[in-house]
Amino acid sequence: MPAIYDDMNEKTKAKIQQSFLQLLAKKNFIKISVQDISKASGINRGTFYLHYLDKYDLLDQMEEQLLDGLAQQLKELQPEMLLAEADKGNVSIQSVEVFRYIEMNAAAFRAFLSEHNQNGFHKRLKGFFIGHFIGNMLKNERFFQSASVPDDYLSAFATSAFLGLIEQWLDNDLTETPEEMAEMYIQIILFIRKL
């Protein structure tokens with residue numbers, strides 16, 4: 001019996017999250033109410049409050065869930081391995097998986113990075129990339145060995161380049177494959193290394 005209850009809870013949460021993303025794609029976060037989310041989800045407000053404190057809690061949990069999944073992908077992506085593959089003219093499978101994850105969660109990334117969400121996801125994602133990946137590049141002597149630029153500026157530049165790549169891909173309706181995006185990312189990293 002508890003497994004059935006857990007399954008129903010997960011389905012309800014998924015419905016709430018999906019409805020919220022659809023609303024956020026069309027409407028500014030500030031103007032979205034719990035009533036709007038409940039109505040779009042086909043549930044009552046009481047059911048919403050069983051799962052979330054308010055719309056800010058919903059947004060925070062969804063962003064956290066998205067970043068946790070991304071962290072799992074980035075955990076496998078090591079700068080040394082990226083370089084070794086790039087030196088051979090290859091793209092690492094792990095870097096392709098990062099873009100595949102973004103592709104699979106494109107609706108969430110689009111909504112959270114859109115002008116409708118002014119609650120700082122862009123900055124949060126930038127900090128996430130610095131902490132989970134770009135920071136590792138800066139520690140790796142092979143990556144930016146000759147850079148005379150302070151690490152925080154180099155990190156900001158590399159992160160902005162990666163975020164710009166993701167945002168452009170989303171704006172282009174994911175026209176390129178994850179493999180093509182990983183190849184572009186490697187080319188950008190190699191370009192940055194030469195600066």
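User: Exposed means over 50% relative accessible area here, and buried means under 20%. On that scale, is Asp173 buried or exposed?

Analyst: Asp173 is exposed, because its relative accessible area is 59% and the cut-off is over 50%. Bear in mind that this is a predicted model.

User: Where is Asp173 in the chain?

Analyst: Asp173 sits in the loop between α9 and α10.

User: What is the phi of Asp173 like?

Analyst: It is positive, about 55°, although Asp173 is not a glycine. Most residues other than glycine have a negative phi.

User: And Leu174, what is its phi?

Analyst: Leu174 also has a positive phi, near 55°, and is likewise a residue other than glycine. Leu174 lies in the loop between α9 and α10.

User: Is Leu174 buried or exposed?

Analyst: Buried. Its relative accessible area is 18%, and the cut-off for buried is under 20%. That loop therefore holds an exposed Asp173 and a buried Leu174.

User: Step back a bit. What is the chain made of?

Analyst: Ten helices would be the short version: the count is 10 helices and 0 strands. From the N terminus the order is α-α-α-α-α-α-α-α-α-α.

User: How much of the chain is buried?

Analyst: Buried residues are 41% of the 195 residues. The exposed surface comes to about 10800 Å², and carbon and sulfur atoms supply 54% of that area.

User: How many of the contacts join residues at least 24 apart?

Analyst: 70%, counting contacts between residues at least 6 apart in sequence.

User: Which residues touch the most other members in the largest nonpolar core?

Analyst: That core has 47 residues, and the ones touching the most other members are Phe20, Leu70, Phe99, Phe109, Phe112, Leu125 and Phe129. Elements giving two or more residues to the core are α1 (2-26), α2, α4 (55-75), α6, α7 (106-113), α8 (121-139), α9 (151-171) and α10 (178-194).

User: Which element gives the most to the core?

Analyst: α4, with 8 residues.

User: What about α6, which of its residues are buried?

Analyst: Ser95, Val96, Val98, Phe99, Tyr101 and Ile102 are.

User: How far apart are the end C-alpha atoms of α6?

Analyst: 16 Å. The helix covers residues 93-104, so 12 residues at 1.5 Å a residue should span 16 Å, and the two values agree.

User: Switching to α2. Which of its residues are buried?

Analyst: Val34, Ile37, Ser38 and Ser41. Seen down the axis of α2, the buried residues fall within an arc of 95°, so they line one face of the helix. An α-helix has 3.6 residues a turn, so residues three or four places apart point the same way.

User: Two serines there. What does Ser38 touch?

Analyst: Setting aside residues up to four places away in sequence, Ser38 touches Ile43, Asn44, Arg45 and Phe48. Its relative accessible area is 1%, so Ser38 counts as buried.

User: And what is Ser41 in contact with?

Analyst: Beyond its neighbours within four places in sequence, Ser41 is in contact with Lys15, Ile16 and Ser19. The side chains of Ser41 and Ser19 make a polar contact at 3.3 Å. Ser41 is buried too, at 3% relative accessibility.

User: Where in α2 does Ser41 belong, and what comes just after the helix?

Analyst: Helix α2 covers residues 34-41, and Ser41 is in it. Just after α2 comes Gly42, which takes a positive phi of about 75°.

Conventions:
Residues are numbered from 1 along each chain as its sequence is written. This is a predicted model: local features need pLDDT of at least 70, side-chain atom pairs count only at pLDDT 80 or more; totals for chains, interfaces and linings use all residues. Side-chain values use heavy atoms; hydrogens and water are left out. Helices (H or I, at least four residues) and strands (E, at least two) are DSSP runs, numbered from the N terminus. Buried means under 20% relative accessible area, exposed over 50%, partly exposed in between (1.4 Å probe, protein chains only). A polar contact is a pair of N or O atoms within 3.5 Å; within protein, one must be able to donate a hydrogen and the other to accept it, and residues adjacent in sequence count only if both atoms are side-chain atoms. Contact means heavy atoms within 4.5 Å. The expected span of a helix is 1.5 Å times one less than its number of residues. A nonpolar core is a set of buried Ala, Val, Leu, Ile, Met, Phe, Trp, Tyr and Cys residues joined through side-chain atoms within 4.5 Å. Accessible areas come from the Shrake-Rupley method with a 1.4 Å probe; for residues, only the protein chains shown count as cover. The arc is that of the directions from the helix axis to the C-beta atoms.
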